[in-house]
Amino acid sequence: MVAAPPRGTGRKPSQGRRRIEIAYIQDPARRMVTFSKRKKGLLKKASELSLLSGARVAAVVFSQAGRPFAFGSPSVDHVLRLCAGEDEEDGLGAGFGFHGDAIGAGYEREAVEETARRKEAAAARVDEEEARMSAVGKKVLRAAAGRFWWEADVEALGAEELGEFARALRRLRDNVRRRADKLPPAPAASQPTTPPPPMQ
């Protein structure tokens, strides 16, 4: 007897992480999905290596169609110029003998770390705003008590919810207005014709 998936999930159980054979994938759809996932992972690992160790990293991947995908810290061009020995004016060394111990490396590391901190802070703010909006939405739906959300009891809403509720109502009004403007005009109702008054 095969175990059924848990009720309510609507998904088949996952096969989890498995070791796969490293060989060319014949199916084009599977090959494209694998390329996309592994490319994302490779570029993420390059970013993490740069952030954690302060190393200058460049990773360039070309898809089967020839489209390039790249990550560079501080940039792909900068790292490639260092490898080619073209970036000696900043005192950072030349060619493949570059070790990254110069003053510029510390500045670049700080810039990368600051960018990572700003990204994490922005993600945290997005999560907070999503949670706040979810709470506002739930309160509005409770205030509607089985009616349409726009019929919510405004007396049950607080100041924060009222502001969001008013913005949602304006968006609804604007959407209805735009939709009504796109509709063809309704035929005029036939009105009884009365003769014009006699002229004197």
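In this predicted model, Glu-110 is found in helix α3, which covers residues 103-144. Is Glu-110 buried or exposed? Its relative accessible area is 53%, and because the cut-off for exposed residues is over 50%, Glu-110 counts as exposed. Along the chain, Glu-110 and Leu-51 are 59 residues apart, yet in space their C-alpha atoms are separated by 9.1 Å.

Helix α1, made of residues 28-53, offers a friendly place to start with charged side chains. Here Lys-45 and Glu-48 join in a salt bridge, with 3.9 Å from N to O. The two residues are three positions apart in α1, about one turn of the helix. How accessible are these partners? Lys-45 is exposed, at 57% relative accessibility, while Glu-48 is partly exposed, at 30%. Aromatic rings enter the picture as well. The charged end of Lys-39 sits over the ring of Phe-69, at 4.0 Å from the ring centre, and the structure holds one aromatic pair.

Helix α2 spans residues 76-84, and its buried residues are Val-76, His-78, Val-79 and Leu-82. Why can these four be said to line one face of the helix? In a view down the axis of α2, the buried residues fall within an arc of 170°, so they share one face. Asp-77 and Ala-84, on the other side of α2, are exposed. After α2 comes Gly-85, which has a positive phi, near 80°.

Helix α4 runs over residues 159-182, a total of 24 residues. From its first C-alpha to its last, α4 reaches 35 Å, close to the 34 Å expected at 1.5 Å a residue. The buried residues of α4 are Glu-161, Glu-164, Phe-165 and Ala-168. Two of these names are glutamates, and one of them, Glu-164, deserves a further look. With a relative accessibility of 12%, Glu-164 falls among the buried residues, because buried means under 20%. Which residue forms a salt bridge with Glu-164? The partner is Arg-167, and the closest N and O atoms of the pair are 2.8 Å apart. Because Glu-164 and Arg-167 are three residues apart in α4, about one helical turn separates them. Arg-167 itself is partly exposed, at 38% relative accessibility, whereas its partner Glu-164 is buried.

How many salt bridges does the structure hold? The count is six, and the pairs already described, Lys-45 with Glu-48 and Glu-164 with Arg-167, are among them. Another salt bridge brings together the side chains of Arg-173 and Asp-174, at 3.3 Å from N to O. Both partners are partly exposed: Arg-173 has a relative accessible area of 42%, and Asp-174 has a relative accessibility of 28%. Which residues are joined into one network by salt bridges that share partners? The members are Glu-129, Arg-132, Glu-164 and Arg-167. The Glu-164 and Arg-167 pair of helix α4 is thus seen again as part of this network.

Key
Residues are numbered from 1 along each chain as its sequence is written. This is a predicted model: local features need pLDDT of at least 70, side-chain atom pairs count only at pLDDT 80 or more; totals for chains, interfaces and linings use all residues. Side-chain values use heavy atoms; hydrogens and water are left out. Buried means under 20% relative accessible area, exposed over 50%, partly exposed in between (1.4 Å probe, protein chains only). Rings of Phe, Tyr and Trp (its six-membered ring) pair if their centres lie within 6.5 Å; planes under 30 degrees apart count as stacked, over 60 as edge-to-face and the rest as tilted. A charge sits over a ring if NZ of Lys or CZ of Arg is within 6 Å of the ring centre and within 35 degrees of the ring normal. The arc is that of the directions from the helix axis to the C-beta atoms. The expected span of a helix is 1.5 Å times one less than its number of residues. A salt bridge is a side-chain nitrogen of Lys or Arg within 4 Å of a carboxyl oxygen of Asp or Glu.
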